[in-house]
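Here are my notes for someone opening this entry for the first time. Have the viewer ready and go through them in order.

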Amino acid sequence: MLAFSPLDPVYAGVEQVKQSCCPDSLEEFANELFQLWQSAGAPAKEKWCFLALGHFGRDATVRQLVPLLKAWPQEGLFARAELGLDVLAGIGTDLALMHVYQMSQRLKSKALQERAARKLEQISLRRGRSEEELADLLVSDLDLEPSGRCSLSYGARQFSVSFDEQLRPQLRDAQGRSLKDLPKASSQDDGQLVTAAQARWKGLKKDLKVLAQTQILRLERAMVSGRSWSPSAWALCRREHPLMGLLARRLLWGHQLPSGEVQWFRIAEDDTLADQQDATWELPESGKVWLPHPLQIDPQELQVWSQLFADYAVLQPFPQLGRSLFRLGPEQRGLEGLKPQKSRKIHPGKLIGLETRGWRRGPAWDGGVCCEMVRPLPGNRLAHLEFRDGSYLGALQQSGDQELLELWVEDAGRRRTLGELSEVDASELWLDWQSLQ
């Protein structure tokens, strides 16, 4: 049945097998087929052995497949990597689709990144949600406890896992002592529990390496772009989520009623919401919730909130309250772009670093050479950062130093002055530009 069943729609008999058999054994069977197919040279006519992972694979399969999928384009196996995206979509778990989203945002292979973006768009349309809304729902909770912690048992010994502001796992024993890794088993421990705990710890670290980076960057972009949620959607995807709640507790949030009234708030240590006076506050059912940029907060209020977070020793996952800011002066408002005062060569690593701030590589010109970075802005505007001598899309990090030319903003086919941008957009672009100087 696997030999003739597509991933979508799945042949009915395959679904009957999934209902009748042990999921672990089916996943093991599919992985064995995949290994045999690779050992035989991965013949295209037998690609069903690869697609079997999409039918029977689960999160363990995802963890093994994703590194291969990312490496294949560099090995000249782009078609196989494309098929791998279909397999991830077929597996369809939160972790699998989270990796599709992550690859649609940043990947060495520009072509595969675009293919992942198209795949995510198809899934979004099928589910009737925007890509960002879908990405909110796809954040795996990694089977954490509601408090955002995880317990590991050796039987005779117990261990706990918590997370810091970057979602790095912190392992401790029953006495609260910090550990770098789980200890080896002793004669007093339960062998099966030890094996399960070590597999869980290893998988947790591996999943978090990608998930933490992706979700922290998404939150920072939401702050800069002004993205908002309904109170119910925010509670579901942020406050109540075992993993995302850990990040939400370290940030300042804003709520605006339909009347325009605004209230800043945070999630307190007892999981209640608290206002500027540290008094309990209830979130209304109407209005919108968003992550305020410090330029949107009165300077005196910002100082109060900064002191409150410092008093509680709350470290933020990215700079919010203490973010570097720039306010345009009269001499900058009329500028249609930013240019270096003299010829300026920069290391390509600085351009790559902009990808963590929402920039992406622009289109390829003749010979596949890229000569600009672009960054979407609210209101369908697009920021352009031009450089020379250009680089190949998939090998920016191997390129030589680039000559910085200009940063400018396009809106409906024409340039905009810096003074026409919002305070937030102008500040963020100015700081991006200064980071290249």
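The points below go from the whole chain to single residues.

1. First, a caution and the overall make-up. What you are looking at is a predicted model. The protein has 15 helices and 15 strands, so expect a fair amount of clicking around before the layout sinks in.2. On overall size, the C-alpha trace spans about 70 × 60 × 40 Å along its principal axes. The radius of gyration is 24 Å, and a compact globule of 437 residues would come in near 22 Å, which agrees. Of the contacts with a separation of 6 or more, 64% are between residues 24 or more positions apart.

3. How much of the chain is buried? Buried residues make up 47% of the 437. As for the outside, the accessible surface comes to about 21700 Å², and carbon and sulfur atoms account for 50% of that area.

4. Now for the inside. The largest nonpolar core has 86 residues, and the members touching the most others are Phe50, Leu88, Leu152, Trp234 and Trp253. Which helix gives the most to this core? That is helix 9, residues 191–225, with 13 residues. There is also a second, separate core of 22 residues, and Leu385, Phe387, Leu418 and Ala426 are among them.

5. Leucine 152 is a good place to zoom in, being one of the residues that touch the most other members of the largest core. Leaving aside residues up to four places away in sequence, leucine 152 touches Arg157, Gln158, Phe159, Val161, Leu171, Leu182, Ala197, Arg200 and Trp201. Ala197 and Arg200 are on that list, and helix 9 covers residues 191–225.

6. Next, try alanine 383, in strand 13 (residues 381–392). Is alanine 383 buried or exposed? Its relative accessible area is 0%, so alanine 383 is buried. Beyond residues up to four places away in sequence, alanine 383 touches Trp359, Met373, Val374, Arg375, Leu377, Trp408, Val409 and Leu429. Take Val409 from that list: alanine 383 and valine 409 are 26 residues apart in sequence, but their C-alpha atoms are 4.3 Å apart in space.

7. Over to the start of the chain. Met1, Phe4 and Tyr11 make a nonpolar surface patch of about 330 Å². Phenylalanine 4 lies in the segment before helix 1 (12–20), and with a relative accessible area of 53% it counts as exposed.

8. Stay in that segment for a backbone detail. Most peptide bonds are trans. Which two residues are joined by a cis peptide bond? They are aspartate 8 and proline 9, with omega at about 0°. Proline 9 is in the segment before helix 1.

9. Two more backbone spots deserve a look, both concerning phi. Most residues other than glycine have a negative phi. Aspartate 278 has a positive phi, near 65°. Aspartate 278 lies in the loop between strand 8 (273–274) and strand 9 (288–290), and is partly exposed at 31% relative accessible area.

10. The other spot is alanine 313, where phi is positive at about 55° although the residue is not a glycine. Where is alanine 313 placed? Look in the loop between helix 12 (299–311) and helix 13 (330–333). Its relative accessibility is 59%, so alanine 313 counts as exposed.

Definitions and conventions:
Residues numbered from 1 in each chain as written. Predicted model: local features only at pLDDT ≥ 70, side-chain atom pairs only at ≥ 80, totals over all residues. Heavy atoms only, no water. Helix = DSSP H or I, 4+ residues; strand = E, 2+ residues; numbered from the N terminus. Buried < 20%, exposed > 50% of the residue type's maximum accessible area, 1.4 Å probe, protein only. Contact = heavy atoms within 4.5 Å. Core = buried A, V, L, I, M, F, W, Y, C linked by side-chain atoms within 4.5 Å. Patch = residues over 30% accessible without salt bridge, like charges linked within 9 Å, V, L, I, M, F, W, Y side chains within 5 Å. Areas by Shrake-Rupley, 256 points an atom, 1.4 Å probe, with all protein chains shown as cover. Salt bridge = Lys/Arg side-chain N within 4 Å of Asp/Glu carboxyl O. Rg over C-alpha atoms; globule rule 2.2 N^0.38 Å.
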